[in-house]
Amino acid sequence: MLEIDNTYNQLLSRACLNCLDPQFQPPKDTVEKVGCCSYSPTFQLLDIFRMCNDNVDQFWSIYHHPAAIIHPYSIFVKAEVDSAFDQLNTQSLSPLEKDDKRTSYSICQFFRKGKGCSLHPQFKNAVCRTFICTTIEEQLTSSDQKTMKEMIKKVYQETRDFQAIHSKNLKSQFIDLRDNPKAIVHYFQSIN
Ligand code: SF4
Ligand code: SF4
């Protein structure tokens, strides 16, 4: 049901090949079934550091992605929303409900039909490496749940610590992703 991949610190499940989680079913037959890959990922400095050192082309491809929104120390890549969403009447929905509805019509820019995620696991963010739905979680033994939670805590801690240290260093050097992406690449390549 669940495999913990210690090489890339990620959780994997064969159940994702045919996602049955009720929360993540497509709202219509015409909307592609992508499970929880309806998500819009944000790449943090740790993910960017890894790309800069192991596949800088991957960094530039994400940086220049048409759906990318560049923040000073992270990159958000907005999922593609199926056009059927625009035909819905969402006037009675709260902003949060509307966001949830939009997500159910969305597909991550890195998802490929029949293949799943097109990113190397090393470059997937903490959420993508550790998200597990309740359908899978409820089927785990309490010992597996404990191991999984410890692993998730470690992954988030590592991401947070790296972000705190390096955003502070970069700020002190007046470098950010919006204005100096090449300097960010050099910075990360120099600390490898
Ligand atoms: S983690 Fe759960 S919701 Fe996500 S694809 Fe797998 S089975 Fe579906
Ligand atoms: S980056 Fe990959 S794992 Fe994460 S939501 Fe997109 S396709 Fe899914």
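Which residues touch the most other members of the largest nonpolar core? Select I48, F59, I75 and F188: these four hold that place among the core's 30 residues. Keep in mind that this is a predicted model.

**Stop 1: the nonpolar core**

Now widen the selection to whole elements. Helices α1 (45-54), α2 (56-63), α6 (142-172) and α7 (181-190) each give two or more residues to this core. Strands β4 (68-71) and β5 (74-77) do so as well. Colour α1 separately. The largest share of the core, 6 residues, comes from α1.

**Stop 2: the largest pocket**

Next, show the surface and go to the largest pocket. About 1200 Å³ of space lies there. To centre the view, select C16, V34, C37, F111 and G116, the closest to the pocket's centre of its 42 lining residues.

Then bring up the elements behind the lining. Strands β2 (10-12), β8 (111-112) and β9 (116-117) each contribute two or more residues, as do helices α4 (126-130) and α5 (134-137). Strand β2 has the largest share, with 3 residues. Colour the lining by class and you should find 26 nonpolar, 9 polar and 7 charged residues.

**Stop 3: ligand 1**

Stay where you are and display ligand 1. The space that ligand 1 takes is the largest pocket. Around ligand 1, pick out C16, C19, D21, F24, G35, C36, C133 and I136. By class, this shell has 6 nonpolar residues, 1 polar and 1 charged.

**Stop 4: ligand 2**

Which pocket holds ligand 2? Ligand 2 also takes space in the largest pocket. Select its surroundings: C37, Y39, C108, F110, F111, C117, L119, K124 and C128. Here the shell divides into 8 nonpolar residues, no polar and 1 charged. Two names should be familiar from the pocket stop: C37 and F111 are in the shell of ligand 2 and are also among the residues closest to the pocket's centre. C16, likewise one of those central residues, belongs to the shell of ligand 1.

**Stop 5: the second largest pocket**

Finish at the second largest pocket. Its space is about 330 Å³. It has 17 lining residues; select Q23, F24, D100, T103 and S104, which lie nearest its centre. F24 has appeared before, in the shell of ligand 1.

Which helix gives the most to this lining? Highlight α3 (residues 95-104), which supplies 5 residues. Colour by class once more: the lining has 5 nonpolar, 7 polar and 5 charged residues.

Terms used
Residues are numbered from 1 along each chain as its sequence is written. Chains are lettered from A and ligands numbered from 1 in the order in which they are written. This is a predicted model: local features need pLDDT of at least 70, side-chain atom pairs count only at pLDDT 80 or more; totals for chains, interfaces and linings use all residues. Side-chain values use heavy atoms; hydrogens and water are left out. On a 1 Å grid over the protein atoms alone, a cavity is a set of points where a 1.4 Å probe fits but cannot get out, and a pocket is an open set with protein on both sides within 12 Å along at least five of seven lines; lining residues have an atom within 4 Å of a point. Grid points are joined across faces, edges and corners, and a volume is the space filled by probe spheres set on the points. Helices (H or I, at least four residues) and strands (E, at least two) are DSSP runs, numbered from the N terminus. Ala, Val, Leu, Ile, Met, Phe, Trp, Tyr, Cys and Pro count as nonpolar, Asp, Glu, Lys and Arg as charged, and the others, Gly among them, as polar. A residue is near a molecule or strand if one of its heavy atoms lies within 4 Å of it. A molecule sits in a cavity or pocket if more than half of its atoms lie within 2 Å of its grid points. A nonpolar core is a set of buried Ala, Val, Leu, Ile, Met, Phe, Trp, Tyr and Cys residues joined through side-chain atoms within 4.5 Å. Buried means under 20% relative accessible area, exposed over 50%, partly exposed in between (1.4 Å probe, protein chains only).
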